[in-house]
Amino acid sequence: MLGAAGRMGATVCAAVEGAADLELVARLDAGDEVTPQTLRGAQVAVDFTVPSATEANVHALIDAGVHAVVGTTGWTDESRGRVVEHLARVAADGGPSLGVLIAPNFGLSAVLAMTFAAKAARYFESAEVVELHHPDKVDAPSGTARHTAAAIAAARADAGLGPSPDATESGWEARGADVDGVRVHAVRLRGLVAHEEILFGNAGEQLVIRQDSFDRVSFMPGVLLAVREVSARPGLTVGLENVLDLA
Ligand SMILES: NC(=O)C1=CN([C@@H]2O[C@H](COP(=O)(O)OP(=O)(O)OC[C@H]3O[C@@H](n4cnc5c(N)ncnc54)[C@H](O)[C@@H]3O)[C@@H](O)[C@H]2O)C=CC1
Ligand SMILES: O=C(O)C1=N[C@H](C(=O)O)C[C@H](O)C1
């Protein structure tokens, strides 16, 4: 477990220790090197660290011949592309066929909300995303909200829809971040864990898709599923929806 001392890392360690078919062999955190020695024979590593560290961790895991399940946010097309290249290089050099699974959210309610939103997107003139999180979160907007907005934008583009209508002329800072043309709003509030609302509007009607993770245990079935499945999926997989056959 990389990030073992963190909020998610501690929860994952407890979940793995409670699973009869899994064994927790190493707990690493900031300052620990990721090497075959420190990984202590792990077959799969789980990374819940920080956006500034996660890519380097994944490259070190590939070099060590270990499959990776990654929940940390901050990934871009470029950083994911470098992982694809690294995996291909190792396989071409006769190395192991490794799997890396990066998921912005392992919660079933969040994965389903993103799937439903992608399906609904083509039918609505307006779409916006609101994500709500605990105030200790270091990144905004959330990885889940970025993934959701990107999926909505792709579905709108496929359907030939233009931008959502918006007459704003001033005060753009109040209109949230622009993710692929979809407005994303981030709330940080003590007491929250992780929540998302996807709002769709047409003349005279509204669809709201909402999901709530009230506790980090909500992410554990998805994380454990990914740990069990990742070795059967060589290459890079992005999103738990692919493992759940929702894609
Ligand atoms: N995909 C998902 O379902 C979820 C993803 N997340 C994401 O997971 C990440 C971690 O979230 P939290 O656990 O809440 O954060 P946290 O701040 O509680 O934990 C992060 C841990 O990583 C450690 N760390 C920092 N640099 C490191 C390095 N180079 N190597 C190893 N460990 C290092 C820190 O010391 C800390 O213990 C965030 O990016 C968050 O957005 C959080 C919840 C669910
Ligand atoms: O930092 C968090 O807590 C979470 N981060 C992920 C994200 O940014 O989407 C997943 C979930 O929202 C919790």
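Helices here are DSSP runs of H or I covering at least four residues, numbered from the N terminus. With that in hand, you can place A154, which sits in helix α6. The model you are looking at is predicted, and its chain has an average pLDDT of 97. Let's walk through it topic by topic.

**Confidence in the model**

- A pLDDT of at least 70 is reached by 100% of the residues.
- For the complex, the predictor reports an ipTM of 0.99 and a pTM of 0.97.

**Two annotated domains**

- An unreviewed UniProt entry lists residues 2-106 as "domain: Dihydrodipicolinate reductase N-terminal".
- In residues 2-106 the chain is 42% helix and 11% strand, and the C-alpha atoms at the two ends are 16 Å apart.
- The unreviewed UniProt entry also carries the annotation "domain: Dihydrodipicolinate reductase C-terminal", for residues 110-244.
- Residues 110-244 are 27% helix and 30% strand, with 13 Å between the end C-alpha atoms.

**A walk along helix α6**

- Helix α6 runs over residues 143-158, and at 1.5 Å a residue its 16 residues should span 22 Å; the end C-alpha atoms are 23 Å apart, so expectation and model agree.
- Several residues of α6 are buried, among them G143, T144, A145 and T148.
- Further along, the buried residues of α6 include A149, I152, A153, A155 and R156.
- What covers these buried residues? The cover includes helix α5 (108-120) and the strands β4 (126-133), β5 (177-179), β6 (182-188) and β7 (194-202).
- Is A154 buried, partly exposed or exposed? A154 is partly exposed, because its relative accessible area of 40% falls between the 20% and 50% cut-offs.
- A154 and A118 are 36 residues apart in sequence, yet their C-alpha atoms are 8.3 Å apart in space.
- Just after α6 comes G160, which has a positive phi of about 75°.

**Around ligand 1**

- Ligand 1 is surrounded by 21 residues, and the closest of them are R7, M8, D29, T73 and F106.
- T73 places a polar side-chain atom 2.8 Å from an oxygen atom of ligand 1.
- The backbone takes part too: a polar backbone atom of A103 is 3.0 Å from a nitrogen atom of ligand 1.
- P104 has a backbone N or O atom 3.1 Å from a nitrogen atom of ligand 1.

**Around ligand 2**

- The residues around ligand 2 include T73 and P104, and T73 is also listed among the closest residues to ligand 1.
- Others around ligand 2 include N105, H133, H134, K137, S142 and A194.
- G143 and T144, buried residues of α6, also belong to the surroundings of ligand 2.
- The side chain of H133 has an N or O atom 2.6 Å from an oxygen atom of ligand 2.
- At G143 the backbone is involved, with a polar atom 2.8 Å from an oxygen atom of ligand 2.
- At T144 an N or O atom of the side chain lies 2.5 Å from an oxygen atom of ligand 2.

**A look at N57**

- Where is N57 found? N57 belongs to helix α3, which covers residues 51-63.
- N57 counts as buried because its relative accessible area is 14%, and buried means under 20%.
- Leaving aside residues up to four places away in sequence, N57 touches L2, V34, D47 and T49.
- With D47, the side chain of N57 makes a side-chain to side-chain polar contact at 2.8 Å.

Note on methods: Residues are numbered from 1 along each chain as its sequence is written. Chains are lettered from A and ligands numbered from 1 in the order in which they are written. This is a predicted model: local features need pLDDT of at least 70, side-chain atom pairs count only at pLDDT 80 or more; totals for chains, interfaces and linings use all residues. Side-chain values use heavy atoms; hydrogens and water are left out. pLDDT is the predictor's confidence in each residue, from 0 to 100. UniProt positions are given in the numbering used here, feature names are shortened, and annotations may be inferred rather than shown by experiment. The expected span of a helix is 1.5 Å times one less than its number of residues. Buried means under 20% relative accessible area, exposed over 50%, partly exposed in between (1.4 Å probe, protein chains only). Contact means heavy atoms within 4.5 Å. A residue is near a molecule or strand if one of its heavy atoms lies within 4 Å of it. A polar contact is a pair of N or O atoms within 3.5 Å; within protein, one must be able to donate a hydrogen and the other to accept it, and residues adjacent in sequence count only if both atoms are side-chain atoms.
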